[in-house]
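Biologist: I should like to discuss a structure with you, one question at a time. Please show it first.

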Amino acid sequence: MRGILLAILLLALAPPTRAALEEYEVKAAVIYHLSLFAEWPPGSPREGSFNLCALTENESMAEALSRLGGKTVKGVSLMAWRKRPTSDLSICQMVYLGDMNDAARGRVIAQLAGQPVLTIGNGGGAQIPGIMVSLGIAGERVYFDIDLPAVQRGGLRLDAKLLRLARSVVK
Amino acid sequence: MKPQPTVDHGRGWDRLNWLSTALALGIATLLLISSETATLREDFQHRLATQASLVSANSAAAVVFKDAQSAQDNLAAFQHAPDILSARIVLPDGTLFASYQKAGASEDAPFWAGPLGLDRIEYQRPLDLEDVAVADISLVADLEPLRARILGFIAVVLGAALLALLIAQALMARLRRAMRRNEDDMVHMAHYDALTGLPNRALFETHTARVLAQTARGGGCAALLFFDLDNFKVVNDSLGHPVGDLLLKAVAAQLGQVVRQSDDLSRLGGDEFTLLVVGAERQQAIAVAEHVIQALHQPFPVDGHELSVGASIGIALFPEDGDSVDKLLRSADSALYAAKAAGKHTWRFFSAEMDQQARDRLALEAGLRHALERGELRMVYQPIVDLGTGRHTGFEALMRWTSPELGDVSPAVFIPIAEETGLIHAFGAFALREACAQTRTWLDEGRIDVVVSVNISARQFYGRTLVDSVRQTLLETQLPPSHLDLEITETALMGAEREVIDILNELHDLGVSLSLDDFGIGYASLSQLKRLPIQKLKIDRSFVMDIPHDHDDAAIVTAIIGMADALGLSVVAEGVETQDQQAFLTAVGCRRGQGYLFGKPEPAE
């Protein structure tokens, strides 16, 4: 009995598989680097920090993103927050939307409509409507698709270098 | 063999100069080139940095999003930069992320480029993103454009340096020529007399020493003729040094005409010349000496004057009269002294006795310098009588010197020495004072018509103190001027007629009478006599000696007296010793005489 319990505990505490871990890390790095090629309108980010808000149920992804805390973006320190889709997201400069149902995503997009917040979604291979940058993965490489009208609606600008590197750009 | 001073121009210095200039230019060229190379290299590096930074911004994004193809495309832009040979982007872990290699076979740099660091240049910089190096980019560029520019620059600089060297050489050559000319001038000045252009004493000594050594080796002989101009002092003193210099030049030119090319003529200084005749024995030396005397006997036209100088020559033979330049010259000098003593315009060979004479003369000179202060000089008086009545009309004051060492010394010996040494001024003043004082005494004793005659040396005319001295002496001794007669020789009248005549006129104005002494043996001309304020002629004893038997002398004396009469001059015959002479002189109209017949020179008492 004790043996089974211990096994369950070990299983629960076991780190994600190595390949999975690398995928989150790479995605987190891409998310961080995306922030370096985006321009926010003047006045944002506020309060001396750059706020990255993660809306995800995936612990590993959340963990990878939280490790970005302390890096610098546009000269200020990055802070990683974990939020619920229903939370107030007005303090965020960048929001990562993990896998969620369309309704929940729709509410978040609605909440952020017109706000200078860079939204990044985990598209899993397709451009997610209303999300500015959708990440996908092919082999070891992470690619991204950009919805430029969405970006422009938020008052943001993306570096041409970034646009050049995107798999696709919706104009 | 002409005297030839040796000159060393030191050609080695020229080469050294050239080398140092070339070296300096070479160093300057190297510095210029290396500095230019460094500058160009730096420029190149800057350009490379700019090119690297252009691609690095794009490449950083490609690196962070792991888009190697995009990075590769970025690097491919370098194909428009032909200098860039290769470009690489390397990730921090050392893996090659993207690279570019210039297409086509790139030519290897020339062999010399490598060691000079001119073959290729590498540039490396990190690709930064938000102050973090995400990769390194490194570029390798060919320095071909740099090499081309440096080669061009070297060509220009070397050309300029070469031109500078040529110009410097030309300038230095000019400078050297000027310096050489200067050196030659200085050597010439050091060895040649500036006035006459003849070798000077220094060159004479070195050259003669050389010639004598050669002659001695060959067992040959030589004659050294040492001569000076008989009346040069008079000309110099009376007409001034500029005229004296002109005369020397004229004499030197004349000598140059008459001596043989092979004879060495030098001017030792003043009016002293030497002539070295190699191979000459007695007879040849005499011939040369006669030749020189002849040549210098003619009057020289100088500055409007006709100057008769004449020369006396002393001859010393090598090797018997001296085996060194110094000894030979001293022997010739002694011989010259003997020639002058023998009556000028003549030559004498050196003889052993002359050494003794020279020593004697030195002793004489030494004694004479102290004669006045030691009271060894005294005046004696010879009566001048009226040939008709036999009555004393005056006295000629004559100087006597009794030396404690040498005994009585003849005035014929010591007066010329006093003249040469300048003692004559003090002696003359002494004679004048003594004679005037004595005459005052005679006047006081009642001999109211006595006149004293005092000899004035030619030398006393130069210096302009004579008139003052006479005036002062008359004042001090309270002697009326009419009782003083000054006897001057014809020599004093030579040359500076104007000046001497002025002095004579001033003396005449004082009221003293003037006599021309030793008349007949000198050069005084009738036209001169007419212009001079002279009252009296004294016929030289040499004419009186043989009258009345010698018809020539008798004729001369008669003529002199007739001429004096015509000019209104009185005449005194000197050296009257016989009754016959007195009778003849009286007969031809000479009124006064002086001589042993009437009385020897004696002390006043």
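Biologist: How many residues of chain B are in contact with chain A?

Modeller: This is a predicted model, in which local features need pLDDT of at least 70, side-chain atom pairs count only at pLDDT 80 or more, and totals for chains, interfaces and linings use all residues. Residues are numbered from 1 along each chain as its sequence is written, while chains are lettered from A and ligands numbered from 1 in the order in which they are written. Two residues are in contact if their C-beta atoms, placed from the backbone, lie within 7 Å. By this criterion 11 residues of chain A are met by a number of residues of chain B equal to 10.

Biologist: Which element gives the largest share of the side of chain B that touches chain A?

Modeller: Helices (H or I, at least four residues) and strands (E, at least two) are DSSP runs, numbered from the N terminus. Four residues of this side, the largest share, come from residues 11-64 of chain B, that is, from helix α1.

Biologist: Which strands stand at the edges of the open sheet in chain A?

Modeller: Two strands pair if DSSP finds at least two bridges between them. Eight strands of chain A form the sheet in the order β3-β4-β2-β5-β6-β7-β8-β10, with mixed pairing. Two of them have a single partner strand each, so one side of each is left without a neighbour in the sheet: β3 (72-73) and β10 (168-170) of chain A.

Biologist: Within that sheet, which residue of β4(A) is the bridge partner of A:Cys53?

Modeller: Strand β2 (residues 49-55) of chain A and strand β4 (residues 76-82) of chain A run parallel and are joined by six bridges. In β4(A), the partner of A:Cys53 is A:Trp81.

Biologist: Why is strand β6 of chain B largely enclosed by the rest of the structure?

Modeller: A residue is buried if 20 or more other C-beta atoms lie within 10 Å of its own, exposed if 12 or fewer, and partly exposed in between, with C-beta atoms placed from the backbone. Strand β6 (residues 264-269) of chain B has six residues, and it is largely enclosed because the number buried is five.

Biologist: Which residue takes a positive phi in the hairpin of β6(B) and β7(B)?

Modeller: Five bridges join β6(B) to strand β7 (residues 272-278) of chain B, and the two run antiparallel. B:Asp264 stands opposite B:Leu276 in β7(B). The hairpin has two residues between the strands, and the positive phi, near 55°, belongs to B:Gly270.
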